[in-house]
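Work through the exercises below with the sequence and the coordinates at hand. Each task is followed by a stepwise solution.

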Amino acid sequence: MSNAEAQGKAEKVPGVRFYIIRNILKDKASGGGVGPGDKGGIPIEAIQAAEAEFNKMAEDYPDWVQSLIDELSENYRRCIDTPETRHENVATIHDIAHDMKGQGGTFGYPLITNFGESLYKCTHKSEECSDNLVGLIKAHVDGMKAVINGRVAGDGGEIGQELLASLEKAIEKYSADDDQD
Amino acid sequence: MADYDFGLFSCLVVDDSSYMRTLMSASLRAIGVGNVKTVDDGGQGIDFLQLVTSDPMKAGMQNVDIIFSNWQMSPVDGMMLLRWVRRHKESPNRFIPFVMVTGYADREKVREARAMGATEMLAKPFSVVNLGQRLLQVVNRPRKFVHTNKYFGPDRRRNQKEIPPGKDRRKNDERNIEVVHV
C-alpha cells in the first residue's frame, strides 16, 4: 500500500489500526547491509568530527549570548521606566530565559543554564510583576553578566559557587520582602 | 556493529535561534547527514514541507526523512508543527520521524509531546552524543504507528511487556484491530 493510500485510509478508523512501516531509513543508512534484527552505529570519526564542530561553536558562545544578556538588560530597564507595560517585558524576559537555560550547558556554561532556569521559574507569571520581582530579575541579569564577562565556564569553581550563593541570597531577600507585603 | 552512512539522509531543522540552527545543522552534517535544511519556526517548516512536495528542485530535497524541531518558538511552535505533520490532510507524510528538541524537561511536557505523536525527545542542553543517540534510535528502533479515535502517532509502548491479568485497560480486542503494512 502506498503512503498516500495509507493516509487516505487513516481517515476512517474502526477501533485501532496499526501501521507497520517498512524501515526505509535503515536501508538508506546501511545500503541494505544491516538486517532487520540488527542495529548499526555511527562511526567514531564522525562523532569526533561533530564534537570538534560543536566545540568550535562553543568558543563563540559568550559573544553570542552577550546579545541575549543585552536584551534582558533592555527589558529590565523598561520594567523600571514604563511600569504600565511591565507584564510584556517580564513575558519577554521569561522567553529569553527559556532559551538560555537550554543553551548554556550545551556550550560549556552550565551556570548560564542555572541562572536561566531560575529566571525562567521566577518570571513564570508575567502578570505578577512586583518591584521585588524586578529586583530579582536584576540579580539574575547581573549574575549572567559576571559569568560571561569572566568567562566562567564549567561549574566555575569557587567563583561559580559564590555567584550561585549570591543569587540564592537575592532570591531569599526578595521572597522575604514579598512575604512581608 | 556495522557503521551507518547517513549521506542519503535529508533532515529538516526548525529553530528560532540562529545559533541553535547552525549548531544542529553543523553537527548533523559532521555526523554524516547528506542534506540538512534549516528554517526559523513552525510556520516556515510547514511551508518548506509543502515546497518539498510541490517543487523538490526548488526545495533542494526530494523528501524529508527526519524533522528536528525546537518546541518553544513563535508564532508557530514545535507542537503546532507536529500537529500539522501528524494530522493535517495536506501533510506530505504523516509517519515522518519527529524529534522534539526542548528545554522543557518535566514529565507533563514530555507526555504532552508524546500524546501529539513525537517520535523522540531531545532535551536541551544536549551533546553531540545525545543527538547521535536520537538519530540512531529513529533508525534502529522504529515503532509501528497507532491510530485510534484519540491518537495518531508512534506506538507509545516502547517495551512490549506482558500485561498482568486484569490490568489491560485497552478496549479493543483482535476483532476491531486492523494491521496495515506501509
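In what order do the elements of chain A run from the N terminus on? They run α-β-α-α-α-α-α-α, where helices (H or I, at least four residues) and strands (E, at least two) are DSSP runs numbered from the N terminus.

The model is predicted: local features need pLDDT of at least 70, side-chain atom pairs count only at pLDDT 80 or more, and totals for chains, interfaces and linings use all residues. Residues are numbered from 1 along each chain as its sequence is written, while chains are lettered from A and ligands numbered from 1 in the order in which they are written.

**Exercise 1. Describe the make-up of the two chains.**

Step 1. Chain A has seven helices and one strand. Chain B has six helices and eight strands, in the order β-α-β-α-α-β-α-β-α-β-α-β-β-β from the N terminus on.

Step 2. Next comes burial. A residue is buried if 20 or more other C-beta atoms, placed from the backbone, lie within 10 Å of its own, exposed if 12 or fewer, and partly exposed in between. Of the 181 residues of chain A, 35% are buried; of the 182 residues in chain B, 41% are.

Step 3. Two residues are in contact if their C-beta atoms, placed from the backbone, lie within 7 Å. In chain A, 63% of the contacts with a separation of 6 or more are between residues 24 or more positions apart. In chain B, 59% of the contacts between residues at least 6 apart in sequence join residues at least 24 apart.

Step 4. The C-alpha trace of chain B spans about 50 × 35 × 35 Å along its principal axes. Its radius of gyration is 17 Å, which agrees with the value near 16 Å for a compact globule of 182 residues. This radius is taken over C-alpha atoms, and the globule rule is 2.2 Å times the number of residues to the power 0.38.

**Exercise 2. Place strand β4 of chain B in its surroundings.**

Step 1. Five of the five residues of β4(B), residues 98–102, are buried, so the strand is largely enclosed by the rest of the structure.

Step 2. In a regular strand the side chains alternate between the two faces of the sheet. Here Phe98(B), Met100(B) and Thr102(B) point one way, and Val99(B) and Val101(B) the other.

Step 3. Strands pair if DSSP finds at least two bridges between them. β4(B) pairs in the parallel sense with β3(B), residues 66–70, over four bridges, and Ile67(B) stands opposite Phe98(B). Four bridges also join β4(B) to the parallel β5(B), residues 120–123, where Leu122(B) is opposite Val101(B).

Step 4. β3(B), helix α4(B) (residues 78–87) and β4(B) make a right-handed β-α-β unit. Right-handed means that, with the strands pointing away from the viewer, the path from the first strand over the helix to the second runs clockwise. A right-handed unit is also made by β4(B), α5(B) (residues 107–116) and β5(B).

Step 5. A nonpolar core is a set of buried Ala, Val, Leu, Ile, Met, Phe, Trp, Tyr and Cys residues joined through C-beta atoms within 7 Å. The largest has 48 residues, and Val99(B) and Met100(B) are among those with the most contacts inside it. Leaving out residues up to four places away in sequence, the contacts of Val99(B) include Ile67(B), Phe68(B) and Leu122(B).

**Exercise 3. Characterise the contact of the two chains.**

Step 1. The contact takes 49 residues from chain B and 47 residues from chain A. On the side of chain B that touches chain A, α1(B) gives the most, with eight residues.

Step 2. By class, that side of chain B has 27 nonpolar, 15 polar and seven charged residues. Ala, Val, Leu, Ile, Met, Phe, Trp, Tyr, Cys and Pro count as nonpolar, Asp, Glu, Lys and Arg as charged, and the others, Gly among them, as polar.

Step 3. Strand β1(A), residues 16–20, runs parallel to β8(B) and is joined to it by five bridges. Arg17(A) stands opposite Glu178(B).

**Exercise 4. Examine Ala58 and Arg151 of chain A.**

Step 1. Ala58(A) lies in helix α3(A), residues 44–81. Ala58(A) is partly exposed, with 15 other C-beta atoms within 10 Å.

Step 2. The C-alpha atoms of Ala58(A) and Phe107(A) are separated by 4.8 Å, although the two are 49 residues apart along the chain.

Step 3. Arg151(A) is in the loop between α6(A) and α7(A) and is exposed, with 9 other C-beta atoms within 10 Å. Most residues other than glycine have a negative phi. Arg151(A) has a positive phi of about 45°.
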